[in-house]
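Student: I would like to go through this model and ask, term by term, what justifies each label.
Tutor: Then let us take the labels in turn and set each value against its cut-off.

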Amino acid sequence: MGIRQTGDLWWKNAVFYCLDVETYQDGDGDGIGDFKGLLRRLDHLEGLGVTCLWLMPFYPSPDRDDGYDIADYYGVDPRLGTLGDFVDVMRAARERGMRVIADLVVNHTSVAHPWFQASRSDPESPYRDWYVWRDEVPKDGPDGIVFPDKEDSNWQWDEKAKQYYLHRFYKSQPDLDIANPKVREEICRIVGFWLELGLSGFRVDAVPFLIETAGIDKPGDFAPHGWLRDLRAFINRRRGEAILMGEVNLMPEDVRRFFGDEDGDELHMCLNFNLNQAMALSLARGDTGPLLHSLQTQPSIAPEDQWANFIRNHDEWSLDKLTEAEREEAFKAFGPKDSMQLFGRGLRRRLPTMLDGDQDRIRTAYALAFALPGSPVLFYGEEIGMAENLDIPGRMSVRSPMQWLPGPSGGFSTAPPDKLHRPIVGGRKWGPSAVNVADQLRDPGSLLTWMSGLLRVRRATPELGFGKVSVLPVESGAVVALAHDWEDRTLLTFHNLGEAPVTVEAKPPGAADWEGLITVLGEGEAKLAKDGTVTVELGRYGHRWLNAARPGDVFRR
């Protein structure tokens, strides 16, 4: 892949930043974040080094599921502003060199959506077959309850329609019938609308559920993966640079199918849940085994496709792909109390609290996540080490208001704390008086300052986004040592997941011909012997990124 192609495939070396407009910045003092507030904070994101914003749902909604229950796909929730405010943010982001993607949630709608209201009201309505209706609950599925704490069935009786409707999520979110070509046509219309307003793509919610036909009486000739290919082709016709990033939490071989064939003709990106869960187990153990196994068994993808790597996201830290015993290890290490766990399969905490605020450990965890093959994704507040608020029920515990300043409402809003849409994190250790953007901007040793440096290095290191990664054997089981090769460049990354300082030796192929090593991230001694042996000293939970210097190099970082 030539250097001229890297800009075209922007998503392969992007730094994504996920935020919820309603919890990011309140611009009018009503206690709810909005687009006017977000507009004021774009300079923060530019300074941090973000290249693409991922906006969680901002569409009109009854807000029974934090906006994922959508009542109108063509508007902005009035609480968050107007379409004009949205366009202002798009323009300002573009001026700062940032792209924007948004959640595409079309597996289901809200019960308040006019389509569903028409569908339930009249058997002859043109919207009747936009949803999945049955006279009786079918015996052939679908199986599995997504939210077992709230629901006990995937079917809900509707008194007005005198039938059951399918809902894989909450009963307030009836599933659309994806096998209906009119539904698929409308999805393309929705996508086309937002692309015209400047979006560079979509994070597609719950993709396996979206294309599932279980429960649909007559799916006809609908080909699920064929439709994903059609959707990718459609968005790339409308906007050549646009991408589809999929939420596909399946086993690795099943995730591979969602990228498409060998040329990659379905999703451009998939969030890497399997590598994420392996990282959780490695962090809990202080042992690289689970992570390296996951990395080495990760399926190959097409050159133009990419993995999206993250530590935490807007949901619980899902550990459902681990064995029960492994999951218990992670629970014991990071969330021993029942109040910290969710559904017996995940943790509803942020990383800093799980690691007891240990800055060395926190920084190495993020350095490692950014060094894995793929593009990194940050969730808002991670750059300053925000905590969760366990007083907020369920998955929402990690979606408390952003902490900008010291003070009761954390600079999120001028409204008093009791008027905020969602409570801010409290306490002396994790509240806004201790953790906020303003103080960390003035502190050269802060997590925010360090994170800005990490993003700057990551953006200047295309080896990570485009290169081939290989594991370097080292004696210590606590150290992840990787070589990233691209074009005529090599980057070595070392991360110590253990409490004890360690010195490791590695012998990257071709290193005997290098002139030296240039540190681009981390501290400590690093030496290159004449025979190509690289010796690196790592502190407790230490990390080091080294650029290989070859004879005749001009562009040295």
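The dialogue below deals with a predicted model and covers salt bridges, burial, aromatic pairs, strands and cores.

Student: Why is the contact between E22 and R79 called a salt bridge?
Tutor: The closest N and O atoms of E22 and R79 are 3.2 Å apart. The cut-off is within 4 Å, so the pair qualifies. E22 lies in helix 1 (residues 21-24) and R79 in the loop between strand 2 (52-55) and helix 4 (83-95), so the bridge ties together parts that are 57 residues apart in sequence.

Student: What makes E22 buried, and what makes R79 partly exposed?
Tutor: E22 has a relative accessible area of 3%. Buried means under 20%, so E22 is buried. R79 has 26% relative accessibility. That value falls between 20% and 50%, so R79 counts as partly exposed.

Student: How do you know that R232 and D305 form a salt bridge?
Tutor: Their side chains meet at 3.1 Å, N to O. Set against a limit of 4 Å, this is a salt bridge. R232 is in helix 8 (residues 224-238), and D305 is in the loop between helix 11 (289-296) and strand 10 (306-310); they are 73 residues apart.

Student: Are R232 and D305 buried or exposed, and what values decide it?
Tutor: R232 has a relative accessible area of 7%, and D305 has 0%. Both values are under 20%, so both residues are buried.

Student: Why is D315 with R399 called a salt bridge?
Tutor: The closest N and O atoms are 2.9 Å apart, and the limit is 4 Å, so the pair meets the rule. D315 lies in the loop between strand 10 and strand 11 (317-318), and R399 in the loop between strand 14 (375-379) and helix 15 (437-441), so parts 84 residues apart in sequence are tied together. D315 and R399 are both buried.

Student: What makes the salt bridges around D315 a network?
Tutor: They share partners, and in this way E22, D63, D65, D66, D77, R79, D315, R395, R399 and R422 are joined into one network. The structure holds 35 salt bridges.

Student: Why is the aromatic pair of F58 and Y59 called tilted?
Tutor: The ring centres are 4.4 Å apart, with 35° between the planes. The distance is within 6.5 Å, so the rings pair; the angle is neither under 30 nor over 60 degrees, so the pair is tilted. Both F58 and Y59 are buried. F147 and F169 also form a tilted pair, at 5.9 Å centre to centre and 55° between the planes. F147 is in the loop between strand 4 (133-134) and strand 5 (155-158), while F169 is in the loop between strand 6 (163-166) and helix 6 (181-196), 22 residues apart. F147 and F169 are both buried.

Student: What links F35 and F86 into a cluster?
Tutor: Ring pairs do, and the cluster is made up of F35, F58, Y59, Y74, F86, F193 and W194. The count of aromatic pairs comes to 31.

Student: How do you know that R350 sits over the ring of Y380?
Tutor: The charged end of R350 is 5.2 Å from the ring centre of Y380. The distance limit is 6 Å, so that part of the rule is met. R128 likewise lies over the face of W133, at 5.0 Å from the ring centre.

Student: What makes strand 12 and strand 13 a pair?
Tutor: Strand 12 (341-342) and strand 13 (residues 346-347) are joined by 2 bridges and run antiparallel. At least two bridges are needed, so the strands pair. L342 stands opposite G346 in strand 13.

Student: Why are strand 11 and strand 12 called edge strands?
Tutor: Each pairs on one side only. The open sheet has 3 strands in the order 11-13-12, with antiparallel pairing.

Student: How many bridges join strand 5 and strand 6?
Tutor: They pair in the antiparallel sense over 4 bridges. D158 stands opposite Q163 in strand 6. The hairpin has 4 residues between the strands, and K162 there takes a positive phi near 60°.

Student: Which residues touch the most other members of the largest nonpolar core?
Tutor: F16 and W545 do, in a core of 151 residues. Helix 14 (residues 359-371) gives the largest share of this core, 8 residues. A second, separate core has 16 residues, including A481, V504, A511 and V534.

Methods:
Residues are numbered from 1 along each chain as its sequence is written. This is a predicted model: local features need pLDDT of at least 70, side-chain atom pairs count only at pLDDT 80 or more; totals for chains, interfaces and linings use all residues. Side-chain values use heavy atoms; hydrogens and water are left out. Buried means under 20% relative accessible area, exposed over 50%, partly exposed in between (1.4 Å probe, protein chains only). Rings of Phe, Tyr and Trp (its six-membered ring) pair if their centres lie within 6.5 Å; planes under 30 degrees apart count as stacked, over 60 as edge-to-face and the rest as tilted. A charge sits over a ring if NZ of Lys or CZ of Arg is within 6 Å of the ring centre and within 35 degrees of the ring normal. A nonpolar core is a set of buried Ala, Val, Leu, Ile, Met, Phe, Trp, Tyr and Cys residues joined through side-chain atoms within 4.5 Å.
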